[in-house]
There are 2 protein chains.
Amino acid sequence: MTATPNPPATPPLPGAADDWLRLDQQICFGLHAASRAFNGVYRVVLKDLGLTYPQYLVMLVLWEHGTLPVKKLGEHLRLDSGTLSPLLKRLETAGLVSRERSARDERSVEVRPTEEGTALRERAREVPRRILAATGFEGDEVRSLSARLHELTTALDRAAASGA
Amino acid sequence: MTATPNPPATPPLPGAADDWLRLDQQICFGLHAASRAFNGVYRVVLKDLGLTYPQYLVMLVLWEHGTLPVKKLGEHLRLDSGTLSPLLKRLETAGLVSRERSARDERSVEVRPTEEGTALRERAREVPRRILAATGFEGDEVRSLSARLHELTTALDRAAASGA
DNA sequence: GGCTATTTGGTTGCGCGCAATTTAATTGCG
DNA sequence: CGCAATTAAATTGCGCGCAACCAAATAGCC
């Protein structure tokens, strides 16, 4: 706390570094809030599909790539088994995927969309349009924003890996 | 990836709507991933402050505004008591904040940074710079990205509220 | 073959994030 | 005043995200 002349109960710090604090808050908090806001919209839109947002992401990957081992799924989604194992178990209970150990490599578990899981794709067709509508953005804006976010993620992952 | 001639075990559906699916995946997944990547960097940077990322956000608000009731805190952070109550209890256990019911309105709980909590701000001073460095972005880029994200959040919140 | 090291998933523990419910205090209206 | 409606927090329940740890299978090396 550096010398202030006036403020409220717990006086805010003044000074040059505060711009950094606010800037920081804007980017990290903005991202945090936007991510949760997206989650909220997906929650509404996916409700009658019986999927949560992360479950929807898993199904998207399976619809696109077909049967995959848990490892590959995790690479696509940037998630590990600690998150995927229980999630996949719930999808299995819901009858949307099957899980069976690979014959070639008994360590690996193949995740396969069931008939029902594959059929669900038809009902999910309209989801993206509804989400895009909710954003009020144009396709081009979305694309450029996505590109920026991808740069960000890459840079942040590298930074976290190198220990700062 | 539209219309491929050769697909794997569970063949992906071809057709026009697939562009939408991919576009959607880019924006929602990109945001999701970026948010988690940020979380990862903050986890590293905040480690020796003994704070998680949401706890850091709470302290940022308290440092800026001083003592606040839980309700106001939630408005700043877009969080409700279901999230804040246990989080604040942990901050209290850590000795960083105190919680006491307001005398004016016994329903309200005032959250106040302790001496220790206020002192922590000094050690947190360098955090924003390190985070910004991790992004590899310029201040202006960050600002414009933040502005976009804020638009997004506003639009998404409105959409979710109006039921789609 | 026998040994260690690596890879793959699963499990546990903890902290969010949020909907739904509960409790207590306050407000508002007749 | 008395009583219903509203408001502020807390609690409960569930799903994700991740670190840490464990077990089984495989690969590699002597």
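A residue is near a strand if one of its heavy atoms lies within 4 Å of it. The legends below describe a predicted model.

**View 1. Protein surroundings of DNA strand D.** In this predicted model, DNA strand D is surrounded by 28 residues, of which A:Arg90, B:His32, B:Lys71, B:Ser85 and B:Lys89 are the closest. Of the strand D atoms that come within 4 Å of the protein, 78% belong to sugar and phosphate. The surface near this strand comprises 13 charged, 9 polar and 6 nonpolar residues. At least two residues each are supplied by helix H2 (53–65) and H4 of chain A, and by helix H1 (18–46), helix H3 (70–77), H4 and strand S2 (97–101) of chain B.

**View 2. Polar contacts to phosphate oxygens of DNA strand D.** A polar side-chain atom of B:Ser85 is placed 2.7 Å from a phosphate oxygen. The side chain of B:Arg99 has an N or O atom 3.0 Å from a phosphate oxygen of the strand. For B:Val109, a polar backbone atom lies 3.4 Å from a phosphate oxygen.

**View 3. Protein surroundings of DNA strand C.** Around DNA strand C there are 28 residues, and the closest are A:His32, A:Lys71, A:Ser81, A:Ser85 and A:Lys89. Sugar and phosphate make up 78% of the strand C atoms that come within 4 Å of the protein. The nearby surface divides into 13 charged, 9 polar and 6 nonpolar residues.

**View 4. Polar contacts to DNA strand C.** An N or O atom in the side chain of A:Ser81 is 2.8 Å from a base nitrogen. Phosphate oxygens of strand C lie 3.3 Å from a polar side-chain atom of A:Ser108 and 3.1 Å from one of B:Gln55.

Terms used
Residues are numbered from 1 along each chain as its sequence is written. Chains are lettered from A and ligands numbered from 1 in the order in which they are written. This is a predicted model: local features need pLDDT of at least 70, side-chain atom pairs count only at pLDDT 80 or more; totals for chains, interfaces and linings use all residues. Side-chain values use heavy atoms; hydrogens and water are left out. A polar contact is a pair of N or O atoms within 3.5 Å; within protein, one must be able to donate a hydrogen and the other to accept it, and residues adjacent in sequence count only if both atoms are side-chain atoms. Ala, Val, Leu, Ile, Met, Phe, Trp, Tyr, Cys and Pro count as nonpolar, Asp, Glu, Lys and Arg as charged, and the others, Gly among them, as polar. Helices (H or I, at least four residues) and strands (E, at least two) are DSSP runs, numbered from the N terminus.
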